[in-house]
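I opened this model to look at one strand, then at what stands beside it and what lies across it. These are my notes, in the order in which I looked things up.

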Amino acid sequence: MILDLDIGNTLSKWRLKDADSSEIRSRGAVWTREEWRPGADIPDLDVVEAVRISSVARRAVLEQTVSLLEHRVGRVHVARSMPEALGVVNGYQEPGKLGVDRWMGVLAGYQLAGGCCVVDCGSAITVDFVMPGGRHLGGYILPGLRLMKESLKLGTRNVAIDPDSEAEELLVPGRRTVEAVNHGIFMAAVSAVNRIYSEVCDREGVALPVLLTGGDARVVARGLQIPHAVWPDMVYAGLEACFPLTAAERAGRMSGAPGVPAPVSLEKIRAGLAFSMLL
């Protein structure tokens, strides 16, 4: 078995993948803690042959995790943000300071679609662009839905937006405080992503497919005005691309990869952007 870990600031997500068949056997998530306990938090560690890790948690959390795993598992691969990898040139002035989860998403997106816009909807909403040819432009970091809600301090943090809600419902004025908060942060998030995408495509002169991942991807996706696909395993796919351990991975197949959405024309993007500037 292969254990893939995506250690975030809030949640540590994991999955077990069969090394022979490439099938996903189980998956789950635990809260990221100061003392994270592989073997107790993650089942079946005794059957794991190799581990791949993407972590944006504090360095001490990663070091402790790697130390514990190395005593139990033969191979532990830790992803790092690099100046260049898999045909992509990191756009950061200091490449190592790009969040490795964003780097994994950019690498996976590029392997799947070539040039693309990658949107990760987690504790923060990040929007990254990689051009056809592999030039990563850098990106944007916005407060995530839960972070925006917590900042209002209105006691609504534990009432999440229903991911199956119709976008039209979430764009009308709320008639209760919880609704007003949920509709407001939804409007803020989707408006920002729509505008960022249009501005960058206009400036670069290219229409790019949009790929979304993260815990709130399904919610944000409902309000996007641009063709897109949701890819829950995008960070894991970046780990697969960087450290291919199965025959399928070595052949370039990434788990859960969606069909690549065909973007609208650049002319339509520019027309929509021009109209929005008149409002």
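Entry 1, the hairpin. I began with a predicted model, and in it I found that E8 and E9 form a hairpin with two residues between them. E8 covers residues 116-121 and E9 covers residues 124-130, and I noted that the two pair in the antiparallel sense over six bridges. To fix one position in my mind, I looked up Cys121, which stands opposite Ile125 in E9.

Entry 2, the cover on E8. Are the residues of E8 buried or exposed? I found that six of its six residues are buried, where buried means under 20% relative accessible area. I then took the two faces in turn: Cys116, Val118 and Asp120 are buried on one side, and Cys117, Val119 and Cys121 are buried on the other, so that both faces of E8 are covered.

Entry 3, the other neighbour of E8. I next looked up E11 (residues 210-213), which pairs with E8 in the parallel sense over four bridges. Here I picked out Cys117, whose bridge partner in E11 is Val210.

Entry 4, the whole sheet. In what order do the strands of this open sheet stand? I read the order of its five strands as E10-E9-E8-E11-E12, with mixed pairing. E10 (136-143) and E12 (228-230) stand at the edges and have a single partner strand each, so one side of each is left without a neighbour in the sheet. From one strand to the next, the twist averages 20°. I also checked how E9 meets E10, and found that they run antiparallel and are joined by seven bridges. Ile125, already noted opposite Cys121, also stands opposite Leu142 in E10.

Entry 5, the helix across the sheet. I turned to H2 (residues 100-113), which lies across E8, E9, E10 and E11 and runs at about 140° to E8. I compared its length with what should be expected: at 1.5 Å a residue, the 14 residues of H2 should span 20 Å, and this agrees with its end C-alpha atoms, which are 20 Å apart.

Entry 6, the cover on H2. Why do I call H2 largely enclosed by the rest of the structure? I do so because 11 of its 14 residues are buried. Among them are Trp103, Met104, Leu107 and Tyr110, and the charged-looking names in my list, Asp101 and Arg102, are buried as well. Last, I noted that H2 is followed by Gly114, whose phi is positive, near 75°.

Methods
Residues numbered from 1 in each chain as written. Predicted model: local features only at pLDDT ≥ 70, side-chain atom pairs only at ≥ 80, totals over all residues. Heavy atoms only, no water. Buried < 20%, exposed > 50% of the residue type's maximum accessible area, 1.4 Å probe, protein only. Pairing = 2+ DSSP bridges. Axes fitted to C-alpha atoms, helices over the stretch in contact; angles between N-to-C directions. Contact = heavy atoms within 4.5 Å. Expected span 1.5 Å × (residues − 1).
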